Amino acid sequence: MLKTTPFRWASQFFFGFFFVYGVYLPFWALWLKYEGMDPGQIGILVGVAFATRCAVNLILTPRIHRAEKLVPVLRWLSLISIASLVLFSFSNNFYWLLLVTVLFNLCIGPTMPLSDSVANYYSKLNLLDYGRSRLWGSFAFIVGSTLVGWLAVHLGGQVILYTALAGACALLLMSVRNPDPYPVDSDTGRSRKGESLIRLLKNKSVVLFLVLVACIQGSHAAYYGFSSIYWKSVGYSEETIGYLWSLGVIAEIIVFAVSKTVFSGWTIRGLFMLSSCAVIVRWGVTALTYELFALVFVQLFHSLTFASAHIAAIRYIQNAPNHLMVPLQALYNAIPLGLVIAILTPMSGWGFEHWGGKVFLAMSAMGVIALFVPVRLLGKNGVGDATSRELSAGSRSK
């Protein structure tokens, strides 16, 4: 089989996956609307998508705890996601869409933490810079969201599904080469499946980490689910909406590109506090105005509300022992990025129906809550300090 460098493999996989996600995340609610779903049904479908990702990341993802299994599993998930997208085209019945939504998110749910785990594995070996590798995913998100916005204006809403399908096929092709050296689990300590999750959830530092990230990343629920519909309702075209989403991700790319230099002296705590303040400003402004200049300004805050918080979370995870990285990555994707958003998205749908754009004030309030989480208890390097030794020793003693 053809080989490539770890940086190229991870960067290309990020590119393929986030192209699909750049189509799916900003425009799937619009596609569901084109298929005849009302805001309540859209909220349920989007919420079920996040709930499915949460469940699969809690139950199945931690079972892929050996490094050598990561690449083959990602290939299989890519293949099944193609089949799922094909199934979406067969019916616009709500219950059919619900069923296929579950299947599709059973694939993309584990793909996020497992692809991050591949990058984390090589990052710990100093074979790649996580930020510079991950920025290719952000760049692909821009390409996907911009392209599908333009295509939807000129060809209609059905093109959203076909563009996602084309991206999923490209993702599978990008994954067929093997990274060299191939990931191999060198940890002699092996935690039982599920045991590491339980130990992590009993640790105060880990729980505070999950609560803090839940407040920051969970504040994006209304944005992911209803910002495109909201901006469309006030007169912006799909093309303009695509540009707005792309602008936020351009800012994200810049942060990923310079993160190793700019944030090298920042603690995990400092990065999380920066993100919390940005959450308050971004969603507060989004709630109070839909003037284009204001939206352009606050979309740049995506570099802080998402990217800097994600960098802090990845640092926290990278400081864990190797055999705990996948479980911790799974918890990160399952709870803050899955369960919390799954709960908040239907609530945002209800809020959007009753309050319109003012629903973003509730998202802004989550930044205020985040400021009161006692992040000093995370430690300077999070799980990398005594917590790391405690968890590692505990799992080996079993």
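Trainee: Why is Ser 138 called buried?

Mentor: In this predicted model, Ser 138 has a relative accessible area of 1%, and since buried means under 20%, the residue is buried. Ser 138 lies in helix 5, which runs over residues 130-155.

Trainee: What makes the pairing of the side chains of Ser 138 and Glu 252 a polar contact?

Mentor: The separation that joins these two side chains is 2.4 Å, and a polar contact asks for N or O atoms within 3.5 Å, one able to donate a hydrogen and the other to accept it, so the pair of Ser 138 and Glu 252 counts as one. Leaving aside residues up to four places away in sequence, Ser 138 touches Val 249, Glu 252, Ile 253 and Phe 256.

Trainee: How do you know that the span of helix 4 agrees with its 31 residues?

Mentor: Helix 4 covers residues 94-124, and at 1.5 Å a residue it should span 45 Å; its end C-alpha atoms are 45 Å apart, so the two values agree. Helix 4 nevertheless has a kink of about 25° at Thr 111, shortly before the proline Pro 113.

Trainee: What makes helix 4 largely enclosed by the rest of the structure?

Mentor: Of its 31 residues, 23 are buried, so helix 4 is largely enclosed.

Trainee: Which residue caps the N-terminal end of helix 4, and how do you know?

Mentor: The cap is Asn 93, one of whose side-chain oxygen atoms lies 2.9 Å from the backbone nitrogen of Tyr 95, a distance that satisfies the limit of within 3.5 Å. Following helix 4 comes Asn 126, with a positive phi near 60°.

Trainee: Why does Gln 318 count as buried?

Mentor: Its relative accessibility is 18%, and because the cut-off is under 20%, Gln 318 counts as buried. Gln 318 belongs to helix 13, residues 302-318, and its side chain is joined to that of Asn 120 by a polar contact of 3.0 Å. Among the residues that Gln 318 touches are Ser 123, Lys 124 and Tyr 130.

Trainee: Turning to the aromatic residues, why is the pair of Tyr 230 and Tyr 290 called edge-to-face?

Mentor: The structure holds 34 aromatic pairs. In the pair formed by Tyr 230 and Tyr 290, the rings are 6.4 Å apart centre to centre, with 85° between the planes; since a pair needs centres within 6.5 Å and edge-to-face needs planes over 60 degrees apart, both conditions hold and the pair is edge-to-face. This pair links distant parts of the chain, with Tyr 230 in helix 9 and Tyr 290 in the loop between helix 11 and helix 12, 60 residues apart.

Trainee: How are Tyr 230 and Tyr 290 classed, as buried or as partly exposed?

Mentor: Tyr 230 has a relative accessible area of 8% and is therefore buried, whereas Tyr 290, at 41%, is partly exposed, a class that lies between the limits of 20% and 50%. Both residues belong to one aromatic cluster, whose members also include Tyr 223, Trp 245 and Phe 360.

Trainee: What makes Arg 282 count as lying over the face of Tyr 223?

Mentor: Arg 282 is at 4.6 Å from the ring centre, against a limit of within 6 Å, to which a condition of within 35 degrees of the ring normal is added. Arg 134 likewise lies over the face of Phe 18, at 4.1 Å from the ring centre.

Trainee: Why is Ser 227 called buried?

Mentor: Its relative accessible area is 0%, and the cut-off is under 20%, so Ser 227 is buried. Ser 227 is in helix 9, and a polar atom of its side chain lies 2.6 Å from the backbone oxygen of Tyr 223.

Conventions:
Residues numbered from 1 in each chain as written. Predicted model: local features only at pLDDT ≥ 70, side-chain atom pairs only at ≥ 80, totals over all residues. Heavy atoms only, no water. Helix = DSSP H or I, 4+ residues; strand = E, 2+ residues; numbered from the N terminus. Expected span 1.5 Å × (residues − 1). Bend = angle between axes of the 7 residues up to and from the residue. Buried < 20%, exposed > 50% of the residue type's maximum accessible area, 1.4 Å probe, protein only. Phe/Tyr/Trp six-rings, centres within 6.5 Å; stacked < 30°, edge-to-face > 60°. Contact = heavy atoms within 4.5 Å.
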